Amino acid sequence: MKAGLKLLPIGVAAYVLFLVVMAPAAKVIPHVQSQLEGVRLAGISGTLWSGRALQVSVPPVQLTQVGWSLKPLGLFLGSVVFELDGQLGGRAVSARASRGLFSGPSLADVNGSVPAIDLMYWAGMRAVELDGVIDFSLDEVEFSGGALPAVAGRLVWKPAMVMSPIELNLGLAELTTAIESDGITRGQLIANGGALTMQGEMTLQSDGNYQLIGDVKKTGAVPQAVEKFLSTFAEQGNGGYRLEWSDRIKE
């Protein structure tokens with residue numbers, strides 16, 4: 001009898017949890033929208049355990065046909081974990097989202113692709129027009145309250161084409177990043193197969209400040225504006241240029 005009484009609170013907690021996760025998502029989610037840090041859902045169906053939304057807005061990004069599935073094992077580890085799938089600009093995307101009792105939200109195993117021009121639009125760099133598609137395979141995305149998250153993973157841009165304000169073919173560009181202990185994203189950038197080749201290191205802080213240091217070489221004809229930029233902002237030597245560039249991604 002005493003053993004049964006000790007197990008009673010566990011049983012009650014399990015029953016309450018069951019009622020919560022099986023509740024209709026359309027009735028529960030509107031009451032917790034303020035806790036989703038800017039995320040807005042529309043066209044909700046299913047339950048908190050497994051459901052879908054016709055549209056999910058995470059400004060400036062909008063996803064469609066987003067489905068989620070709760071992974072109960074995460075609860076035993078002190079986290080709420082969901083497997084996600086959906087469409088980003090008509091292209092398939094998937095991820096695992098989690099939030100711990102003592103940690104903020106994070107994403108893992110984020111896979112998909114996006115037109116390069118859309119990525120520049122979201123970054124607020126709308127004066128730059130790009131062509132090609134960026135395939136991304138991200139191991140981890142950490143949100144720390146800054147303007148931008150820290151990212152660990154790999155991005156491949158192909159064909160890497162700049163269309164405006166100048167036209168430039170970079171061939172294929174690949175960026176591999178890791179998250180440092182202070183929340184800074186640091187990555188290795190390689191571009192080859194086009195009119196310029198580049199190999200360098202990039203750092204990105206959560207406030208949007210970034211720095212790019214690398215070696216650039218011309219392997220073909222480039223626009224006069226590129227020639228002028230390199231001669232003005234890069235140091236020439238060893239058959240190429242040493243570029244050190246810093247700026248800020250605007251919100």
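This note goes through a few backbone and side-chain details of the structure above, which is a predicted model.

1. Ser 57 is a good place to begin, and it belongs to strand β2, which covers residues 50-58. Its relative accessibility is 15%, so Ser 57 counts as buried, because buried means under 20% relative accessible area. If its neighbours within four places in sequence are left aside, the residues in contact with Ser 57 are Gly 38, Val 39, Arg 40 and Gln 62.

2. Two cis peptide bonds, each leading to a proline, deserve attention while you look at the backbone. One of them joins Lys 158 and Pro 159, with omega at about -15°, and Pro 159 lies in strand β8, residues 150-164. The other joins Ser 164 and Pro 165, where omega is about 10°, and Pro 165 is found in the loop between β8 and β9, the latter being residues 168-169.

3. Gln 65, a residue other than glycine, has a positive phi near 50°, and its place is in strand β3, residues 61-70. With a relative accessible area of 39%, Gln 65 is partly exposed, because that class lies between the cut-offs of 20% for buried and 50% for exposed.

4. Asn 238 likewise has a positive phi, near 55°, in a residue other than glycine, but Asn 238 lies in a loop, between β14 (234-237) and β15 (240-248). The relative accessible area of Asn 238 is 79%, so this residue is exposed, since exposed means over 50%.

Key. Residues are numbered from 1 along each chain as its sequence is written. This is a predicted model: local features need pLDDT of at least 70, side-chain atom pairs count only at pLDDT 80 or more; totals for chains, interfaces and linings use all residues. Side-chain values use heavy atoms; hydrogens and water are left out. Helices (H or I, at least four residues) and strands (E, at least two) are DSSP runs, numbered from the N terminus. Buried means under 20% relative accessible area, exposed over 50%, partly exposed in between (1.4 Å probe, protein chains only). Contact means heavy atoms within 4.5 Å.
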